[in-house]
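Biologist: I'm new to this one. Can you walk me through it, starting with the charged pairs?

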Amino acid sequence: MACEKLLLSDIKNIFGLLKEVMVSNKDRLIEIDGIMGDGDLGLTMAAAFGAAADEFPEETDLGKVFIKAGMVMAKAAPSTMGTLMGTGFMRGGKAVKEKTELGIEEMAQFWRAFVEGMEERGKAKPGDKTIIDSLDPAASVLEKAAAEGKSLKAGFAEALSAAEAGMENTRTMEAQFGRLAYNQEKAKTLIDPGSEVGVLLIKTFADYFV
């Protein structure tokens with residue numbers, strides 16, 4: 001899809017796609033989370049994005065759309081990841097408040113605020129083997145793409161590559177949170193399940209422009 005600005009209709013479509021992606025990957029996320037975690041990640045993400053898509057707010061202010069979507073997510077999936085995801089969307093929404101269309105610059109601002117919101121709420125940082133390790137590189141690439149005046153399509157394509165590389169890098173990281181942190185040796189070669197959710201997020205946006 002060739003567009004240089006995301007409008008309300010585009011954001012609504014993307015939330016619908018995110019619901020489909022999280023539902024179709026539910027079993028996969030349950031499987032990888034169940035190796036060393038609670039195994040509820042797939043259920044949590046399917047519930048969160050399902051609710052956000054089904055209760056999509058018809059707001060002209062796209063910042064408010066994301067904020068309300070985040071609130072719906074946090075309520076629908078009141079687990080650790082559900083709360084973090086809701087926080088990310090709310091913080092990202094605040095960064096683009098009063099915007100009725102979103103270009104590469106606004107998307108860079110959104111994702112940087114998204115990551116910072118998750119970091120503050122979860123007390124995590126890059127290298128802690130979490131979702132931050134796929135989303136932080138993606139946000140940095142989007143910021144660079146915005147500074148260079150690249151298109152949304154090019155920016156998200158590069159962001160996806162960065163997110164995927166970040167996810168792969170979690171194999172060598174020592175977990176600092178959750179059950180992975182209590183099984184450092186066994187967890188060392190595993191991809192962090194949350195980082196895979198981060199890739200799915202960015203991939204859904206990237207695929208929208210193909």
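Modeller: This is a predicted model. In it, R28 and E196 form a salt bridge, with the closest N and O atoms 2.9 Å apart.

Biologist: Which parts does that pair of R28 and E196 tie together?

Modeller: R28 lies in helix 2, residues 26–36, and E196 lies in helix 10, so the bridge ties together parts that are 168 residues apart in sequence.

Biologist: Is R28 buried or partly exposed? And E196, buried or exposed?

Modeller: R28 has a relative accessible area of 37%, so R28 is partly exposed. E196 is at 10%, under the 20% cut-off, and therefore counts as buried.

Biologist: Why would two such side chains pair at all?

Modeller: Side chains of opposite charge can pair when their charged atoms come close.

Biologist: How many salt bridges are there?

Modeller: The count comes to 13 salt bridges. One of them joins D128 and K125, with the closest N and O atoms 3.2 Å apart. D128 is buried, because its relative accessibility is 5%.

Biologist: What does E158 pair with?

Modeller: The side chain of E158 meets that of K150 in a salt bridge, at 2.8 Å from N to O. E158 has a relative accessible area of 32%, so E158 is partly exposed. K150 counts as partly exposed too, at 27%.

Biologist: Which residues are linked with E158 and K150 in a network?

Modeller: K144 and E148. Together with K150 and E158 they are linked in a network of salt bridges.

Biologist: Changing topic. What about helix 8, how far does it reach?

Modeller: Helix 8 covers residues 152–169, which is 18 residues. From its first C-alpha to its last it reaches 25 Å, close to the 26 Å expected at 1.5 Å a residue.

Biologist: Which of its residues are buried in helix 8?

Modeller: L152, G155, F156, A159, L160, A162, A163, G166 and M167.

Biologist: And what do those buried residues of helix 8 pack against?

Modeller: They pack against helix 6, helix 7 and helix 10, the last of these being residues 193–208.

Biologist: Give me a residue in helix 7 to look at.

Modeller: Try S134, which is in helix 7. S134 has a relative accessible area of 0%, so S134 is buried.

Biologist: What does the side chain of S134 reach?

Modeller: The backbone oxygen of S195, at 2.9 Å. Not counting residues up to four places away in sequence, S134 touches A163, M167, S195, G198 and V199. A163 and M167 are among the buried residues of helix 8.

Biologist: Now the nonpolar part. How many residues are in the largest nonpolar core?

Modeller: The largest nonpolar core has 60 residues. M85 and W111 are those with the most contacts inside it.

Biologist: Why do nonpolar side chains end up in a core?

Modeller: In soluble globular proteins, nonpolar side chains tend to be buried together.

Biologist: What is W111 in contact with?

Modeller: Leaving aside neighbours within four places in sequence, W111 is in contact with L135, A139, L142, F156, L201, I202 and F205. F156 is one of the buried residues of helix 8.

Biologist: Back to helices. Where does L62 lie?

Modeller: L62 lies in helix 4, residues 62–76. L62 is buried, because its relative accessible area is 1%.

Biologist: What are the contacts of L62?

Modeller: Without the neighbours within four places in sequence, L62 is in contact with L6, L7, L8, I11, K99, T100, E101 and L102. The C-alpha atoms of L62 and K94 are separated by 9.5 Å, with those positions 32 residues apart along the chain.

Biologist: Any odd backbone angles?

Modeller: Two to look at are E98 and K129. E98 has a phi near 70°, a positive value in a residue other than glycine. K129 is also a residue other than glycine with a positive phi, near 65°.

Biologist: Where are E98 and K129?

Modeller: E98 is in the loop between helix 5, residues 80–95, and helix 6. K129 is in the loop between helix 6 and helix 7, the latter spanning 132–147.

Biologist: And is E98 buried or exposed? What about K129, buried or exposed?

Modeller: E98 has 71% relative accessibility, so E98 counts as exposed. K129 is at 3%, so K129 counts as buried.

Notes: Residues are numbered from 1 along each chain as its sequence is written. This is a predicted model: local features need pLDDT of at least 70, side-chain atom pairs count only at pLDDT 80 or more; totals for chains, interfaces and linings use all residues. Side-chain values use heavy atoms; hydrogens and water are left out. Helices (H or I, at least four residues) and strands (E, at least two) are DSSP runs, numbered from the N terminus. Buried means under 20% relative accessible area, exposed over 50%, partly exposed in between (1.4 Å probe, protein chains only). A polar contact is a pair of N or O atoms within 3.5 Å; within protein, one must be able to donate a hydrogen and the other to accept it, and residues adjacent in sequence count only if both atoms are side-chain atoms. Contact means heavy atoms within 4.5 Å. The expected span of a helix is 1.5 Å times one less than its number of residues. A nonpolar core is a set of buried Ala, Val, Leu, Ile, Met, Phe, Trp, Tyr and Cys residues joined through side-chain atoms within 4.5 Å. A salt bridge is a side-chain nitrogen of Lys or Arg within 4 Å of a carboxyl oxygen of Asp or Glu.
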